[in-house]
Amino acid sequence: MMVTEEILKRRTFAIISHPDAGKTTLTEKLLLFGGAINTAGAVKSNKINKTATSDFLEIEKQRGISVATSVMGFEYAGYKVNILDTPGHRDFAEDTYRTLSAVDSVILVVDSVKGVEEQTRKLMQVCRMRNTPVIIFINKMDREGRDPYELLDELEQELNIHVRPLSWPIGMGAQFKGVYNIYEKELRLFSVNKTKMAKDVVEIENIDDAQVDQLVGPKFAAQLREDVEFLEGYYENFDLDLYREAYLAPVFFGSAINNFGVGELLDTFVKVAPYPQPREASQREVMPDEDAFSGFIFKIHANLDPNHRDRIAFCRVCSGKFERNKFYYHTRLDKKLRFSSPTSFMANEKTLLEEAWPGDVVGLYDTGSFKIGDTLTEGELLHYKGLPSFSPEIFKEVINRDPFKTKQLEKGIRQLTDEGVAQLFVQQPGSRKIIGTVGELQFDVIKFRLLQEYGATADLHNLNYYKACWITSEDKEALARFISFKGSSIAYDKDENPVFFADTAWVLRSVQESYPALKFHFTSDFKLDAAAEVY
Ligand code: G4P
């Protein structure tokens, strides 16, 4: 069957890392290996300048460019590979979390010198919540990095996942000789080479072979034999099912900038990574090989250029076949919509798309019909799950500066929060509006866009809350009592769910202890909560 064939060849994934670990470099090198681009440097424009933390317009400009590279698709060895880009700037972490809801697996890049860092932890936590399979690439082996055993221990302990090295480094930094591929029994010799792909592969049937001594020197050969013997005894064998269940992460070592270890990573990736998987909707589980099309919006990108005020909604196809010019059912609005110019993305090019299959991402021009999380189907009432809002960390109250523009301000705030720029909470009485975000930059974006697009002027006043938690209880009376007692610290999210604003960590702990009948959630998708407690 056509759908099945198309599904089996697709690999939709994201590369994630703490800023500076090498995500952009690895993305670019994968595109080079995949033949999607010809020269290094082509993906650089996609990278948000990490030093320009206060210049959000510059960042937005770069994000504008990055729309073209939001999804980078290419064909490799008979597979259709879709890389979903995630922003490098930490203030856009929510964008990244949402993008992770649209992938079937991830490659996590870790800097060999720095090991596990703050964003590595947070991003992995999101992957763990969804049981997303992970391959780990330890980058920058050409630098004097940390001991590989120590790195593996750190990955296991800090990321709460079992690891299984599939390649092993021979030396590091100035003494880096290459890697031994334990799985394929091949020795890959390292050479500094930023433009060409490493080709020095030597098949080694038996690691005791004297050839190994000649190639890497007796000292490193002896160390390698000792290491491989230890690894084979210590780590479980690589088990494909355990990887796909997100229990076990295969680990590769390399140097993205030197094209080293990248081809090997890609070859293994296409073989082992999962093809598009079934997805949970509120009503039922949807299989990718169902005939009827369905998909959901995981990202909305607005163009800040006043001459091109368009928005692109990114739809992940979950089942069936998407076709241009066909009517689809927008389940939240209970409305039929037709898309005459859906877009696909191939490396740096946007092209008109006629059809798309599960695992693909379709760019839909939008005039305000979409919210993050919306579902499209051929008529069935479905709502895809798993696009939670995370408990924000920074809060500001919106103060209207122009009473004649109240309506515009209301509309602007609603639309921007629908796009996922920030979260809106409303407090009664008085409809006091509180905006919550994960990063400071979002507030600059909001102020700018309210003025530019809606003509509304607003001040944003700092509020010193520690966290906002969604509250639920099976005991409806206890919940109502709590809400009435804590009135000034309660607001409602866009779906009218009550949210408690805690001033400090201590306050939060103390209410949790004093109100055992209540549950305090750190994401809006309560089922995912247990895993998100660290936030
Ligand atoms: P990011 O997207 O995760 O933020 O990281 P990015 O790829 O931009 O890489 C961050 C820095 O690390 C870059 O240097 C990049 O060249 C360097 N890098 C990437 N892979 C390797 C590697 O294998 N070895 C070494 N030694 N460095 C690597 P930069 O100076 O910040 O930028 P640039 O001037 O090189 O562009």
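Hi everyone, let's start at strand 30, where Pro498, Phe500 and Ala502 point one way, Val499 and Phe501 point the other way, and all of them are buried. In a regular strand, side chains alternate between the two faces of the sheet. Please keep in mind that this is a predicted model.

Strand 30 covers residues 498–502, and five of its five residues are buried, so "mostly covered" is a fair description. Who are its partners? Strand 28, residues 467–473, runs antiparallel to strand 30 and is joined to it by four bridges. One pairing to look at there is Trp470 with Val499 of strand 30. Strand 29, residues 490–492, is also antiparallel to strand 30, with three bridges between them. Here Ile490 has Phe500 as its bridge partner. Strands 29 and 30 form a hairpin with five residues between the strands, and in that hairpin Glu496 takes a positive phi near 70°.

Now let's move to the cores. The largest nonpolar core has 83 residues, and Ile136 and Phe322 are the ones with the most contacts inside it. Strand 15, residues 311–319, gives the most to this core, contributing six residues. At least three residues come from each of domain 1 (2–272) and domain 2 (299–377). And what is Ile136 in contact with, leaving aside neighbours within four places in sequence? The list is Leu108, Val110, Leu155, Val163, Ala249, Pro250, Val251 and Phe252. Apart from this core lies another one, of 29 residues, including Phe13, Leu31, Phe33 and Tyr243.

Next, helix 5, residues 118–130. Its 13 residues should span 18 Å at 1.5 Å a residue, and the end C-alpha atoms are 19 Å apart, so the two values agree. Which residues of helix 5 are buried? They are Gln119, Thr120, Leu123, Met124, Val126, Cys127 and Met129. Following helix 5 comes Asn131, with a positive phi near 55°.

My last stop is Leu215, which sits in helix 7, residues 210–216. Is Leu215 buried, exposed or partly exposed? Its relative accessible area is 32%, and because partly exposed runs from 20% to 50%, Leu215 falls in that class. Not counting residues up to four places away in sequence, Leu215 touches Leu187, Leu189 and Val202. Take Leu187: Leu215 is 28 residues from it in sequence, while their C-alpha atoms are 9.1 Å apart in space.

That's my tour, thanks for listening!

Terms used. Residues are numbered from 1 along each chain as its sequence is written. This is a predicted model: local features need pLDDT of at least 70, side-chain atom pairs count only at pLDDT 80 or more; totals for chains, interfaces and linings use all residues. Side-chain values use heavy atoms; hydrogens and water are left out. A nonpolar core is a set of buried Ala, Val, Leu, Ile, Met, Phe, Trp, Tyr and Cys residues joined through side-chain atoms within 4.5 Å. Buried means under 20% relative accessible area, exposed over 50%, partly exposed in between (1.4 Å probe, protein chains only). Helices (H or I, at least four residues) and strands (E, at least two) are DSSP runs, numbered from the N terminus. Domain bounds come from an automatic or database domain assignment. Contact means heavy atoms within 4.5 Å. The expected span of a helix is 1.5 Å times one less than its number of residues. Two strands pair if DSSP finds at least two bridges between them.
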